Amino acid sequence: MALTPLELRPLGNTGLKLSSLGFGASPLGNVFGVVSEADAIATVRQAFNLGINFFDTSPYYGGTLSEKMLGKALKALGVPRNEYIVSTKCGRYKEGFDFSAERVTRSIDESLERLQLDYVDILQCHDIEFGSLDQIVTETIPALLKLKEAGKIKFIGITGLPLGIFSYVLDRVPPGTVDVILSYCHYGINDSTLEDLIPYLKSKGVGIISASPLAMGLLTESGPPEWHPASVELKAACQDAAAYCKEKGKNISKLSLQYSLSNKDISTILVGMNSVKQVDENVAAAVEVATVGKDEKAISEIEEILKPVKNQTWPSGIQQS
């Protein structure tokens with residue numbers, strides 16, 4: 001059955017158009033439970049068939065397993081390379097952080113081999129708050145510019161949790177050097193602080209990717225994993241909101257995703273997916289929000305429950321994997 005195709009949105013000044021829903025490939029690295037190769041291939045194929053054209057991974061996810069699995073799955077699609085957009089990262093590895101020019105230069109060659117690609121569309125410095133931001137500016141990004149000249153990457157990005165890192169770097173590099181930022185857990189029903197940064201990012205011509213609309217599991221019926229760094233108060237409020245939704249026959253995860261998708265200034269909402277069922281549900285939610293709109297009433301009721309903890313974040317910590 002033909003679904004409405006997913007909306008495509010421009011990514012800053014890159015010329016790329018990303019599907020409003022992006023495929024987060026960290027689960028393919030067995031980060032949230034084991035995913036077989038056959039399931040990984042079927043999941044990526046379903047995503048691509050339903051209009052998702054953006055796939056994001058990192059050598060850190062599953063200690064390189066996510067990149068390998070995504071590489072096999074993309075190859076299995078058997079479609080021309082320009083039909084999908086791939087982003088991977090550098091600087092964060094199973095062994096720790098290393099943003100040196102030498103390491104990130106080696107990193108892209110390793111990633112391309114695992115992904116079975118000649119180039120990636122975007123290479124992002126991964127969780128830069130754990131490194132020296134000045135090293136990112138003076139050493140890492142210049143090394144990435146050389147990779148761009150060599151044709152191994154098309155665009156350069158930076159990722160992390162604290163929003164202040166983005167302006168710190170962008171204010172210290174020439175305009176047009178950094179093409180994309182990836183922010184996570186700052187554009188959802190419980191925390192929409194990314195919104196304050198959007199005018200600044202647009203003025204810099206930087207594309208915006210927002211990940212983890214479910215706040216790393218806070219906005220789900222099953223609740224967050226044990227290691228989640230949120231406060232007890234924030235976890236409790238999110239559990240109350242999830243229970244309230246369930247009582248009303250609604251799903252908090254779907255509503256949260258639709259809330260995030262409805263801001264057109266954000267190029268794509270990245271969601272980790274590890275099964276055909278998850279892909280189907282997420283795409284259906286995205287198509288619904290594009291055609292019917294989001295459930296304003298239910299969302300405002302959840303916002304009311306979460307008001308006491310609105311925009312409460314947590315310090316960056318090493319996420320467990």
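This passage describes the overall build of a predicted protein model and then the surroundings of selected residues.

The model is predicted: local features need pLDDT of at least 70, side-chain atom pairs count only at pLDDT 80 or more, and totals for chains, interfaces and linings use all residues. Residues are numbered from 1 along each chain as its sequence is written, and side-chain values use heavy atoms, with hydrogens and water left out.

The protein contains 10 helices and 12 strands. Both are DSSP runs numbered from the N terminus; helices are H or I runs of at least four residues, and strands are E runs of at least two. The radius of gyration is 19 Å, which agrees with the value near 20 Å for a compact globule of 321 residues. This radius is taken over C-alpha atoms, and the globule rule is 2.2 Å times the number of residues to the power 0.38. Along the principal axes, the C-alpha atoms fill a box of roughly 55 × 45 × 35 Å.

Of the 321 residues, 55% are buried. Buried means under 20% relative accessible area, exposed means over 50%, and partly exposed lies in between, with a 1.4 Å probe and protein chains only. The accessible surface comes to about 13300 Å². Carbon and sulfur atoms account for 52% of this surface. Areas come from the Shrake-Rupley method with a 1.4 Å probe; for residues, only the protein chains shown count as cover.

Contacts (heavy atoms within 4.5 Å) were examined by sequence separation. Among contacts between residues at least 6 apart in sequence, 76% join residues at least 24 apart. The charged side chains comprise 31 positive and 38 negative. Lys and Arg count as positive and Asp and Glu as negative, while His and the chain ends are not counted. The centres of the two sets lie 3 Å apart. Each charge is placed at NZ of Lys, CZ of Arg, CG of Asp or CD of Glu.

Individual residues are considered next. Thr159 lies in strand E9, which spans residues 153-160. At 2% relative accessibility, Thr159 is buried. Leaving out residues up to four places away in sequence, Thr159 touches Lys89, Gln124, Cys125, His126, Asp127, Ile128, Glu129, Ile165, Phe166 and Leu182. For Asp127, the side chain of Thr159 reaches the backbone nitrogen at 2.8 Å. Leu182 is 23 residues from Thr159 along the chain, and their C-alpha atoms are separated by 4.7 Å.

Ser107 belongs to helix H3 (residues 101-115). Ser107 counts as buried, at 1% relative accessibility. Apart from neighbours within four places in sequence, its contacts are Pro59, Lys89, Cys90 and Tyr93. Lys89 is thus in contact with Ser107 and with Thr159.

Ala40 is found in helix H1 (residues 37-49). Its relative accessible area is 0%, so Ala40 is buried. Beyond four places in sequence, Ala40 touches Leu28, Val35, Met69 and Ala73. The C-alpha atoms of Ala40 and Val276 are separated by 8.9 Å, with their positions 236 residues apart along the chain.

Ser20 occupies the loop between strand E2 (17-19) and strand E3 (21-24). The relative accessibility of Ser20 is 3%, so this loop residue counts as buried. Leu6, Glu7 and Arg9 are among its contacts, as are Leu261, Ser267, Thr268 and Ile269, not counting residues up to four places away in sequence.

Two residues that are not glycine have a positive phi. Thr64 has a phi of about 80 degrees. Thr64 sits in the loop between strand E4 (54-56) and helix H2 (65-77). At 18% relative accessibility, Thr64 counts as buried. Asn311 has a phi of about 65 degrees. Asn311 lies in the segment after helix H10 (296-306). At 32% relative accessibility, Asn311 counts as partly exposed.

Lys254 lies in helix H8 (residues 252-261). Lys254 is partly exposed, at 35% relative accessibility. Leaving out residues up to four places away in sequence, Lys254 touches Ala285 and Glu288. Lys254 and Leu112 are 142 residues apart in sequence, and 34 Å separates their C-alpha atoms.

Key:
A polar contact is a pair of N or O atoms within 3.5 Å; within protein, one must be able to donate a hydrogen and the other to accept it, and residues adjacent in sequence count only if both atoms are side-chain atoms.
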